[in-house]
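Trainee: Could we go through this structure together, please? I should like to begin with the overall form and then look at the details.

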Amino acid sequence: MNTEEIRKDYPLIAEGIIYLDNTASTLTPKQVMQAVNEYYLEYRANIHRGVYELSQKASEEYDKARIKTAAHINASPRELIFNRNTTEGINQIALSLELNKGDKILTTSIEHHSNLLPWLNQTKKGVQIEYIHPTSEGLFDPSQFEEKISENTKLVAVTHISNVLGVINPVEEIARICREKNTMLLIDGAQAVPHIQVDVEKIGCDFYAFSGHKMLAPTGIGALYIRKELMDELTPIYGGGGIISDVSLNDYTLTDHPISWEAGTPNISGAIGLGKAVDYLKKIGYDKIQYHEKKLTKQLLEGLIDMKNIRIHGPIDDKNKACIVSYTMENMKSDDMAGILDARERICVRSGTHCAMPLFKNILKTKDSIRASAYIYNTREEIEKMLRVLDDYRV
Ligand SMILES: Cc1ncc(COP(=O)(O)O)c(C=O)c1O
């Protein structure tokens with residue numbers, strides 16, 4: 001993997017930005033923007049409606065993007081719907097399951113709010129949420145899931161990779177347990193698809209949600225995998241144009257999946273951009289991405305461990321971890337430090353609770369943290385620069 005060549009695809013890097021907030025959103029390469037521009041400049045039309053050439057071309061490119069995105073996680077195109085983001089995907093499932101009083105959802109105390117609020121909303125109907133808590137490092141043992149799943153557990157909802165701790169959860173084992181116990185499994189894959197090769201078939205989950213903007217694609221496009229048997233069982237939550245085969249004044253008949261889930265005009269350019277981002281990541285290859293990220297994770301952790309005023313959250317080795325490192329400084333507020341990093345070296349890191357407040361309150365027991373997360377275009381020199389600034393505030 002030639003990082004120097006890769007860096008040329010990102011105009012913001014040439015401007016001197018050190019972008020280490022990749023967990024929130026990644027940068028977008030020129031190739032993806034070109035694909036989006038081509039759509040607007042060369043074949044701008046709505047999809048699946050017109051018989052004219054432009055509309056046919058737009059439909060073709062949108063459908064191709066679905067084939068590529070589905071293949072990227074080893075799903076069939078019929079099992080993948082386009083939506084806005086991970087948040088929307090999880091809400092779509094929470095609403096379409098039609099949960100009832102007495103049903104239980106099992107999740108963990110480290111989830112992003114996007115994999116918590118959709119379930120909390122269900123408690124108004126009498127649905128109960130149960131939580132599994134990790135070790136102080138943020139690790140789970142699959143047997144915890146085995147013990148907690150009961151007859152009333154309708155679904156287990158768990159993140160593949162924590163957006164605060166970077167820990168990769170044992171989703172294959174959790175899926176096996178869910179199948180044995182006849183419980184559905186939803187995986188929040190927002191932080192996994194950008195960093196590791198995801199194979200939904202191999203994992204054996206029922207639902208898998210992820211966002212384009214965290215894997216080089218434009219904002220406003222996401223995808224949701226629904227296992228084919230469940231596609232046939234569930235009812236899409238949105239009604240509107242484009243999803244029907246027949247409508248009368250009293251009723252309607254849905255068209256085939258997955259189109260039936262995409263009411264209204266979708267984010268056509270976003271889907272085409274996501275397809276291009278998939279091509280781009282595939283060309284690099286996940287083995288190379290992981291090798292690169294591991295190097296940076298190790299450097300980051302080793303540099304921080306050395307500083308006695310810094311507490312690292314999550315595991316302090318690079319095993320089973322994406323390059324997402326959160327830390328709190330004893331002698332400095334997280335927002336203040338993030339501001340200093342930006343002002344001194346144009347280093348972009350996130351500070352706060354990273355949309356995972358319960359994790360901070362119950363497990364980390366700290367107010368907030370700084371989170372540095374690297375991706376394919378980050379370098380050792382950039383990590384070194386961040387560590388040097390932190391070093392000036394060492395006590
Ligand atoms: C683990 C995890 N889940 C869900 C989300 C929500 O993603 P989005 O805002 O794209 O819906 C994020 C975003 O940071 C995340 O890290």
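Mentor: We shall discuss the whole chain, then its domains, its core and its ligand. This is a predicted model, in which local features need pLDDT of at least 70 and side-chain atom pairs count only at pLDDT 80 or more, while totals for chains, interfaces and linings use all residues. Residues are numbered from 1 along each chain as its sequence is written.

Trainee: How many helices and strands does the protein chain have?

Mentor: The protein chain has 15 helices and 15 strands. These are DSSP runs, with helices being H or I of at least four residues and strands E of at least two, numbered from the N terminus.

Trainee: What box do the C-alpha atoms fill?

Mentor: Along the principal axes, the box is roughly 70 × 55 × 30 Å. Buried residues make up 48% of the 395 residues; a residue is buried if 20 or more other C-beta atoms, placed from the backbone, lie within 10 Å of its own.

Trainee: Which domains are assigned?

Mentor: The protein chain has domain 1 (3-20 + 285-391) and domain 2 (31-282), with bounds from an automatic or database domain assignment. Their centres, taken over C-alpha atoms, are separated by 27 Å.

Trainee: How many residues does each domain give to the contact?

Mentor: Domain 1 gives 23 residues and domain 2 gives 23 residues, where contact requires C-beta atoms, placed from the backbone, within 7 Å. On the side of domain 1 that touches domain 2, the elements giving two or more residues are α12 (286-305), β12 (324-329) and α14 (357-364).

Trainee: And the core, where does the largest nonpolar one lie?

Mentor: It lies between domain 1 and domain 2, because both give residues to this core. A nonpolar core is a set of buried Ala, Val, Leu, Ile, Met, Phe, Trp, Tyr and Cys residues joined through C-beta atoms within 7 Å. This one has 106 residues, and Y208 is one of those that touch the most other members. Helix α11 (residues 268-284) contributes the largest share, eight residues.

Trainee: What does Y208 touch?

Mentor: Not counting residues up to four places away in sequence, Y208 touches I73, I187, G189, V200 and Y225.

Trainee: Changing topic, which residues are closest to the ligand?

Mentor: The closest are N85, T87, H112, N163 and S211, among 14 residues that surround the ligand, each with its C-beta atom, placed from the backbone, within 6 Å of it.

Technical notes:
Contact = placed C-beta atoms within 7 Å. Buried ≥ 20, exposed ≤ 12 C-beta atoms within 10 Å, placed from the backbone.
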